[in-house]
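User: Could you take a close look at one part of this model, and then tell me how it sits in the rest of the chain? Keep it chatty, but give me the numbers.

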Amino acid sequence: MTETSSLKLETWKNLPILQIRNDAAEAKIALHGAHVLSYRPAGEREVLWLSEESWAEPGKPIRGGIPVCWPWFGPAQEPAHGVARINEWALKESSSDPACTVVKFEAFAYENLIADVTVTVADKLTVELTTTNLGPEEFRLTQALHSYFGISNISSIKVLGLDGAEYIDTLTSTRHRQDGPIDFRAETDRIYDHSAAECVIDDPAYKKKIHVAKEGSMSTVVWNPWVAKSRRLPDFGDREYNGMVCIESANVGNDFRILKAGEKQILKTIISLV
């Protein structure tokens, strides 16, 4: 480490976390789930969102930040969104210069699959999830970097970049085509499963634009629970929906991946603030 960067082991609600600081940004990453909790570029406000009602217990997911949903996405199997986000990871190695810190977490295994997570904290936040199939049989992989973003007000933001893209409305199980920017007036849960586009959260009240780019993904999930679902979620404050939106880089819907023996899949999200 240099004099202008640091990596310390601290605690958050009794969970061990890594506190990272360098000239470009600071971040917090929980070992529980290899889960990025916070990312704040130098001189700027927090980019990610974390619920005040979140669990912070072994075997339970953290609500907010960037959960690693792997090796399946959604509630079709138990536990919902896979096993990676509810288990402990270990720091494998780290490197740093004054404006960039890279941390790598040890491989996490499920059946014959191995997952690695690498987080780069710089003027951009990059999270890279690598899956390798070490077994003799193919595996149907669905996954997501389930990013929660902090915003001024859900009713005043727009999400750009998906105009013309097809999506599945999971609330009605119907397919549509996006017309213009995405705005929010009710519960929203959509899978855009034919797009590699970068998304932009345009937040005029905060005078910022959050760019969400990705690699290894043709699907983006856009989610806000709105009023009624917020009240049903035990780890989500009743009014917290107003200050968050999820834009998730994923392999879901028609973008599931078949990993044959020995094959590897890399899913990456790159987050920057303008």
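Analyst: One term before we start: two residues are in contact when they have heavy atoms within 4.5 Å of each other. Keep in mind too that this is a predicted model. With that cut-off, take the contacts in the chain between residues at least 6 apart in sequence: 61% of them join residues at least 24 apart.

The part I'd zoom in on is strand S4, residues 35-41. Six of its seven residues are buried, so the strand is largely enclosed by the rest of the structure.

Start with the strand's partner. S3, residues 25-30, runs antiparallel to S4, and six bridges join the two. If you want one pair to click on, Glu26 has Arg40 of S4 as its bridge partner. The two strands form a hairpin with four residues between them, and in that hairpin Gly33 takes a positive phi near 85°.

Now go to Val36, which is found in S4. How accessible is Val36? Its relative accessibility is 1%, and the cut-off for buried is under 20%, so Val36 counts as buried. Leaving out residues up to four places away in sequence, Val36 touches Lys28, Ile29, Leu48, Gly65, Ile66, Val119, Leu125 and Val127. Val68 makes a handy distance check: it is 32 residues from Val36 in sequence, while the C-alpha atoms of the two are 9.1 Å apart in space.

From Val36, step across to Leu125. Again leaving out residues up to four places away, Leu125 touches two residues with numbers inside the S4 range, Val36 and Tyr39. Its other contacts are Leu48, Ile66, Val119, Thr120, Thr269, Ile270 and Ile271. Leu125 also belongs to the largest nonpolar core, which has 63 residues. Leu125 is among those with the most contacts inside that core, along with Trp70, Phe105, Val119 and Phe149. Strand S8, residues 113-121, gives the most to this core, with five residues. There is also a second, separate core of seven residues, which includes Ile17, Ala30, Leu37 and Ala56.

Trp70 is worth a stop as well, since the peptide bond from Trp70 to Pro71 is cis, with omega near 0°. Pro71 lies in the loop between strand S5 (68-69) and strand S6 (91-97). Pro79 is found in the loop between S5 and S6 too, and a cis peptide bond joins it to Glu78, with omega about -5°.

Then there's Cys69. With 0% relative accessibility, Cys69 counts as buried. Where is the closest cysteine sulfur to that of Cys69? It is in Cys246, 9.3 Å away, which is too far for a bond; a disulfide would need the two sulfur atoms within 2.5 Å. Cys246 is likewise in no disulfide, and Cys246 is buried, with a relative accessible area of 0%. By this rule the disulfide count comes to zero.

For contrast with the buried spots, here are a couple of loop residues with backbone angles you may want to check. Lys13 sits in the loop between strand S1 (6-12) and strand S2 (15-21). Phi of Lys13 is near 50°, a positive value in a residue other than glycine, and Lys13 is partly exposed, with a relative accessible area of 38%. Lys207 is in the loop between strand S17 (199-203) and strand S18 (208-215). Lys207 isn't a glycine either, yet has a positive phi of about 55°. At 76% relative accessibility, Lys207 counts as exposed.

Zooming out, the chain has one helix and 22 strands. Its radius of gyration is 18 Å, close to the 19 Å that the globule rule gives for 274 residues, so the chain is as compact as a globular protein of that length. Along the principal axes, the C-alpha atoms fill a box of roughly 50 × 50 × 35 Å. Of the 274 residues, 54% count as buried. The chain exposes about 11,900 Å², and carbon and sulfur atoms supply 47% of that area.

How values were computed. Residues numbered from 1 in each chain as written. Predicted model: local features only at pLDDT ≥ 70, side-chain atom pairs only at ≥ 80, totals over all residues. Heavy atoms only, no water. Buried < 20%, exposed > 50% of the residue type's maximum accessible area, 1.4 Å probe, protein only. Pairing = 2+ DSSP bridges. Core = buried A, V, L, I, M, F, W, Y, C linked by side-chain atoms within 4.5 Å. Rg over C-alpha atoms; globule rule 2.2 N^0.38 Å. Areas by Shrake-Rupley, 256 points an atom, 1.4 Å probe, with all protein chains shown as cover.
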